[in-house]
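Subject: Structure for you to look over

Dear colleague,

I am passing on the structure we spoke about, together with some notes on what turned up in it. Please open it alongside this message and follow the residue numbers as you read.

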Amino acid sequence: GVAGVFFGAQFGDYYFMVTDCRTGTLRGIVEQAWLTKRRTAATGVVTAMKLARKGSKVAALIGAGQIGEEVARVLPHAFQLDDFRIASRTLEGASAFVQRLKPEVDAPMRAVGSAEEAIRGADIVITITLASAPFVKPGWLKEGALLVSMGGVHEVEFGVLGEVGRVVVDDPGYALLRGDFASWIDRGEIAQDAMRRRIDADIGEIVCGSKPGRSSESERILAVIQGMAVCDLSTAAFLLDKAAAMGAGQRFTVTPQMKA
């Protein structure tokens, strides 16, 4: 029942405007920078909820940026983790991330010195980086592991594709333009049509039940989840409803002069 538009200035603030899609009435405006970070993280965690094997206890997060912070905040709401490993470009960066987030995160976070140390033995691996070269290598994912690659750059070596039994995306077209799949195609490691055929489902199809998710406890799964603006819209509408119920936010009235 809603429509929306994202707008902002290149060096200014960004916002998401939500309207009633039937009447065009403005329902509200939500600050966009935080919204996109939380939406992206939540999409990755929902993917893990649908595709990780039951009883997953060990998670690895590669990337200590702002979206990584949101992943760290959200993931423990979905899983009871015994070990939550954080890796970044440097151990110092990962350690600072852990110290900063510890008061907010209900999971035993710890910094590790490398992506390999974080990934080996993990049930759930989430990558959200600006890496200049791939860092997830063949042979690192345990049986039954879920890898959620969320960065719009080359994070996963092509050989990992041969080790996974299932490939999931949030949007096939976009996944072929940016990130791991696009890098593999550009490097000539796989043709675009072949990569498209290798995609088993999008996460929406799995959430609504029109396609299956995990087929076995031993199956490795690769999910390339980069975020979609439609999730900004649904999240913004949810926040506006919640704000109205709480009496939060700032109310304003659109006057005829403003319309003009």
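Below I go through the sheet, its middle strands, the packing around them and the surface.

Please keep in mind throughout that this is a predicted model. Its framework is an open sheet of eight strands with parallel pairing, and the strands follow the order β6-β5-β4-β7-β8-β11-β9-β10. The edges are formed by β6 and by β10 (201-202), each of which pairs on one side only.

Starting from the β6 end, β5 and β6 pair in the parallel sense over three bridges, and Ile86 stands opposite Ala111 in β6. On the way inward, five bridges join β4 to β5, again in parallel, with Ile62 opposite Ala87 in β5. Strand β4 itself is mostly covered, since five of its five residues are buried. Val58, Ala60 and Ile62 lie on one side of β4, while Ala59 and Leu61 lie on the other, so that both faces of the strand are covered.

Strand β8 (residues 146-149) gives a similar picture, with Leu146 and Val148 buried on one side and Leu147 and Ser149 buried on the other. Four bridges join β8 to the parallel strand β7 (residues 124-127), and within that pairing Ile124 has Leu146 as its bridge partner. Four bridges also join β8 to strand β11 (residues 221-224), which runs parallel to it, and here Ser149 is partnered by Val224.

Turning to what packs against these strands, helix α2 (residues 66-78) has a run of buried residues that includes Gly68, Val71, Val74 and Leu75, but also Glu69, Glu70 and Arg73. The buried residues of α2 pack against the helices α1 (32-51) and α3 (91-101), and against the strands β4 (58-62), β5 (83-87), β6 (109-111) and β7.

The largest nonpolar core has 35 residues, and those that touch the most other members are Leu61, Leu75, Phe84, Ile86, Met109, Ile126 and Leu146. As an example, Ile126 touches Ala60, Leu61 and Ile62, then Val71 and Leu75, and also Val148 and Met150, if residues up to four places away in sequence are not counted. A second, separate core of 32 residues includes Phe135, Trp140, Trp184 and Val224.

Is Met195, which is found in helix α7 (residues 192-198), buried or exposed? Its relative accessible area is 0%, and because anything under 20% is classed as buried, Met195 counts as buried. Leaving aside neighbours within four places in sequence, Met195 is in contact with Leu161, Leu176, Phe181, Trp184, Ile185 and Ile190. Gly55, by contrast, is 140 residues away from Met195 in sequence, and the two C-alpha atoms are 31 Å apart in space.

On the surface, Val5, Phe7, Ile29 and Phe252 make a nonpolar patch of about 330 Å². One of these, Ile29, lies in strand β3 (residues 26-31). With a relative accessible area of 37%, Ile29 is described as partly exposed, because that value falls between the 20% limit for buried and the 50% limit for exposed residues.

With best wishes

Note on methods
Residues are numbered from 1 along each chain as its sequence is written. This is a predicted model: local features need pLDDT of at least 70, side-chain atom pairs count only at pLDDT 80 or more; totals for chains, interfaces and linings use all residues. Side-chain values use heavy atoms; hydrogens and water are left out. Buried means under 20% relative accessible area, exposed over 50%, partly exposed in between (1.4 Å probe, protein chains only). Helices (H or I, at least four residues) and strands (E, at least two) are DSSP runs, numbered from the N terminus. Two strands pair if DSSP finds at least two bridges between them. Contact means heavy atoms within 4.5 Å. Patches are made of residues with over 30% relative accessible area and no salt bridge: like charges are joined within 9 Å, nonpolar side chains (Val, Leu, Ile, Met, Phe, Trp, Tyr) within 5 Å. Accessible areas come from the Shrake-Rupley method with a 1.4 Å probe; for residues, only the protein chains shown count as cover. A salt bridge is a side-chain nitrogen of Lys or Arg within 4 Å of a carboxyl oxygen of Asp or Glu. A nonpolar core is a set of buried Ala, Val, Leu, Ile, Met, Phe, Trp, Tyr and Cys residues joined through side-chain atoms within 4.5 Å.
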